[in-house]
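Let's take a walk through a protein model together, following its charged side chains. Have the sequence and the 3D view ready as you read.

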Amino acid sequence: MQATRRLAHFLRPYWLWAVLAPLAMLLEVTMDLLQPWLIERIIDQGIAQQDTALILHTGGLMVTAAVVGLVGGVACTIFAVLAAQGFGADLRHTLFDKVQSLSFGNLDQLETGKLITRLTNDVTQVQDLVMMLLRIMVRAPLLMVGSLVMAVLTSPRLALLFLVLLPAILLMLVWIIRKTLPLFGGVQQRLDALNIVMQENLAGVRVVKAFVRGDHERQRFGAANDALMQQNLRAVRTMAVTMPMVMFTLNAGVVAALWFGGVQVQQGDLQVGQVIAFINYLTQSLMALTMVSMLVMRVARAEASALRIE
């Protein structure tokens, strides 16, 4: 992410939104972490002891926590969008100013189609990454760490499952980064080629018609379009492996938690509510890693665009 990081100074004018977004997300994550604990309380204390008042009171707390979390999530999205849109607008403006200062030799070397791609698609990729970073990059680590802590507090013995599940998913993420970064760099290069063909055809449409070169131009566009499609398919096929692998790991963890948790319930070491709360925390932590996998793929694409912008 070195190239993307070097563009971070465009975010400075919008530092307030960039700070408020994570704070709002912290509020949402805190409310999400409270929910399994409240469920445990309802099952082990309310239902087990047939305490209707406790059930209603705890249920009210769950609704309140859900509403507060909703407000935090909406606020985070608004602040992240404000920061990302400002970042993108300033970056496009700076790039346009740079293009105006280029010499004729530079313009001939870079080509109009490539410059158009950088000012549109490449900037959009980096802008989208900024918005995701302000949301998922804050939510995922907080949710993962918070869920891990709460899972350990709920059942230290069951929490040993994390020692197997987390490294497995992290290895997948490292593999995805190494595979997708060069693939998305190729996608942007082929998008360049497509834009060059399109720009040349539109700029010289009168010449093309005068010399009856329409079939030739269609073949050029078709070749560039097919190359872009094939490169996108290669990148998407690599990405498509991610979700099934993560979901398999998640489901295996849930099955293991039910198995070992059930044994401990029979032995009297755990209560049913604790097992359910633990499974909720396990699911939250592994889903947070799933968010990271989505972010990793976005980072790979944005990094390729950031390098071209530089």
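The paragraphs below look at salt bridges, one pair at a time.

Keep in mind that this is a predicted model. When the whole structure is searched, six salt bridges turn up. We will visit some of them, starting with a pair from distant parts of the chain.

Find E310 and R6, whose side chains meet in a salt bridge at 2.6 Å, N to O. These two residues are 304 residues apart: R6 sits in helix α1 (residues 2-6), while E310 lies in the segment after α10 (272-309). Is R6 buried or exposed, or something in between? R6 counts as partly exposed, because its relative accessibility is 43%, and partly exposed covers the range between under 20% and over 50%.

Next, turn to D32 and R139, which form a salt bridge at 2.9 Å, N to O. This pair also links distant parts of the chain, with D32 in helix α2 (residues 15-47) and R139 in helix α5 (residues 112-154), 107 residues apart. R139 has a relative accessibility of 16%, so it counts as buried. The pair has company, too: E28, D32 and R139 are linked in a network of salt bridges.

Our last stop stays within one helix. The side chains of D215 and R218 meet at 2.5 Å, N to O, in a salt bridge. Both belong to helix α8 (residues 214-240), and because they are three residues apart there, about one helical turn separates them. D215 is exposed, with a relative accessible area of 52%, and R218 is exposed as well, at 56%.

How values were computed. Residues numbered from 1 in each chain as written. Predicted model: local features only at pLDDT ≥ 70, side-chain atom pairs only at ≥ 80, totals over all residues. Heavy atoms only, no water. Salt bridge = Lys/Arg side-chain N within 4 Å of Asp/Glu carboxyl O. Helix = DSSP H or I, 4+ residues; strand = E, 2+ residues; numbered from the N terminus. Buried < 20%, exposed > 50% of the residue type's maximum accessible area, 1.4 Å probe, protein only.
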